[in-house]
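Here's a quick tour of some charged and polar side chains. Have a look at the sequence and the model, then read on.

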Amino acid sequence: MVEFPLHILLVYINIYYLIPRFILKKQQYVRYFLSLGFWLGLVYILRTGLNYYLVTQNIWPEAEGVQSAFTFNHIVAVVLGELYVVALVTAIKLTVDWARARRKVDKLKGNQLRLELDLLKSQIQPHFFFNTLNNLYALTLEKSDVAPSVVLKLSDIMQYVLYDVKEPSIPLIKEIEYVQNYLDLERLRFGENIETETKIVGEINQIDVPPLLFLPFIENCFKHGSKTDGKIEVAIGFEIIDNKRLQFQVKNSFNDDTKEIVQKKHGIGIKNVERRLELLYPNNFQLKSAVEGSYYCVSLKIPINES
C-alpha cells in the first residue's frame, strides 16, 4: 500500500510528463535524465520515510542484517527497483502507442491509396467518353446511318461505367463483356475495316479484376492501329496461368510509317493504368510492349483474386 502508489506516480510522471516534454518534443536527453533522477530521489525519500514510520523500522528486510536508510547500497537497490518498474511499463506504453500510430498510418495510407485509385479510375472514364463522343460527332457530320446504334451502344457502356465500376474489383467476365461492347462500338464506326479476335484460355468464372484495367490498351489499338490499306486487326487474349496469374495480351496492326509515333506516344489512359498497377500490385505485375513486324503487342500479367 505504501510502495505501489509511488510506483504508479513515478510511472505516470515519466510517461505523460518527462518523455513528452524532454524526449518527444525537444529531444533534451540531459534534462530528461536530470529530471528523472530528481523524481527518483523524491520517490526514494517518500518510500523510505513512509516505510519507516508506517510499516517497519527495518526498511530493507530482504538484506542481510539490519540496514540503515540513506546508505549507498540501499539507495542503489531502491533506485534500480524503481527503474525496473518504470522501464517495463514505459516500454509497454510506447509499444502500444507505436502500434496505434502504425495502424493509423496504415489506415491513412489505405485511404490515400483508395482516393488515388478512384481519381485515376475517374480520369479514365471521361477520357474514354471524350474519344467516343468525338467519334460520334464525326459520324453525325457524315450523316452516317450507324450513329443511332453508336448512341445506344454508348449508353450501355455508360451504364457499366457509372454503376458497375464503383467496386474495387469486378468479375472478369463483366470486364470482358465491357471490352466486347467497346469492340462492337468500333465495328459500327469502321464496318468491314475491322478484324477482331478474342481468345479466352482457362476458367475465368471466379476471377475478379480491377475495373477498366484493359480498355486503354484496346483503345490504343484503334487510335494507332490502321494499316496502309485502312484495315485494323486486333487480337485480344485472356489466359489463366497455373491458377495464379492472369495474362492479358493485345496485338494490333499499324502502319509502318507511324512506327516511331506508336512507340513513343502514350496517352492519359495508359499512364493511369501503369500507375494503378503500381498501386494495386507493387512489384507483382509484368507489363511489356514491343513491336513485332507490323504489329504492336502488349502483354500484362497480374496476380488473380488478391486483395
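What follows covers a salt-bridge network, a pair within one helix, and a histidine with its neighbours.

## What we're looking at

Keep in mind that this is a predicted model. Searching the whole structure for salt bridges turns up five of them. Some general background first: oppositely charged side chains can pair when their charged atoms come close.

## The network around arginine 47

Let's start with glutamate 3 and arginine 47, whose side chains meet in a salt bridge at 3.3 Å, N to O. That pair ties together distant parts of the chain: glutamate 3 sits in helix H1 (residues 3-25) and arginine 47 in helix H2 (residues 29-55), 44 residues apart.

Arginine 47 also forms a salt bridge with glutamate 82, and here the closest N and O atoms are 3.1 Å apart. Again the pair links distant parts of the chain, with arginine 47 in helix H2, glutamate 82 in helix H3 and the two positions 35 residues apart. Put together, Glu3, Arg47 and Glu82 are linked in a network of salt bridges.

How exposed are these residues? Arginine 47 has 15% relative accessibility, so it counts as buried, because the cut-off for buried is under 20%. Glutamate 82 is buried as well. Glutamate 3, on the other hand, comes out at 29% and therefore counts as partly exposed.

## A pair within helix H8

Which residue does the side chain of arginine 275 meet in a salt bridge? The partner is glutamate 278, at 3.3 Å from N to O. Both residues lie in helix H8 (residues 268-280), three residues apart, or about one turn of the helix.

As for exposure, arginine 275 is partly exposed with a relative accessible area of 32%. Glutamate 278 is partly exposed too, at 43%.

## Histidine 74 and its surroundings

Now over to helix H3 (residues 72-141), where histidine 74 lies. Is histidine 74 buried or exposed? Its relative accessibility is just 3%, so histidine 74 counts as buried.

The side chain of histidine 74 makes a polar contact of 2.7 Å with the side chain of tyrosine 44. If you leave out residues up to four places away in sequence, the residues that histidine 74 touches are Tyr44, Thr48, Ile59, Trp60, Ser68 and Ala69. So Tyr44 turns up both in that contact list and as the polar partner, because contact means heavy atoms within 4.5 Å.

How values were computed: Residues are numbered from 1 along each chain as its sequence is written. This is a predicted model: local features need pLDDT of at least 70, side-chain atom pairs count only at pLDDT 80 or more; totals for chains, interfaces and linings use all residues. Side-chain values use heavy atoms; hydrogens and water are left out. Helices (H or I, at least four residues) and strands (E, at least two) are DSSP runs, numbered from the N terminus. Buried means under 20% relative accessible area, exposed over 50%, partly exposed in between (1.4 Å probe, protein chains only). A polar contact is a pair of N or O atoms within 3.5 Å; within protein, one must be able to donate a hydrogen and the other to accept it, and residues adjacent in sequence count only if both atoms are side-chain atoms. A salt bridge is a side-chain nitrogen of Lys or Arg within 4 Å of a carboxyl oxygen of Asp or Glu.
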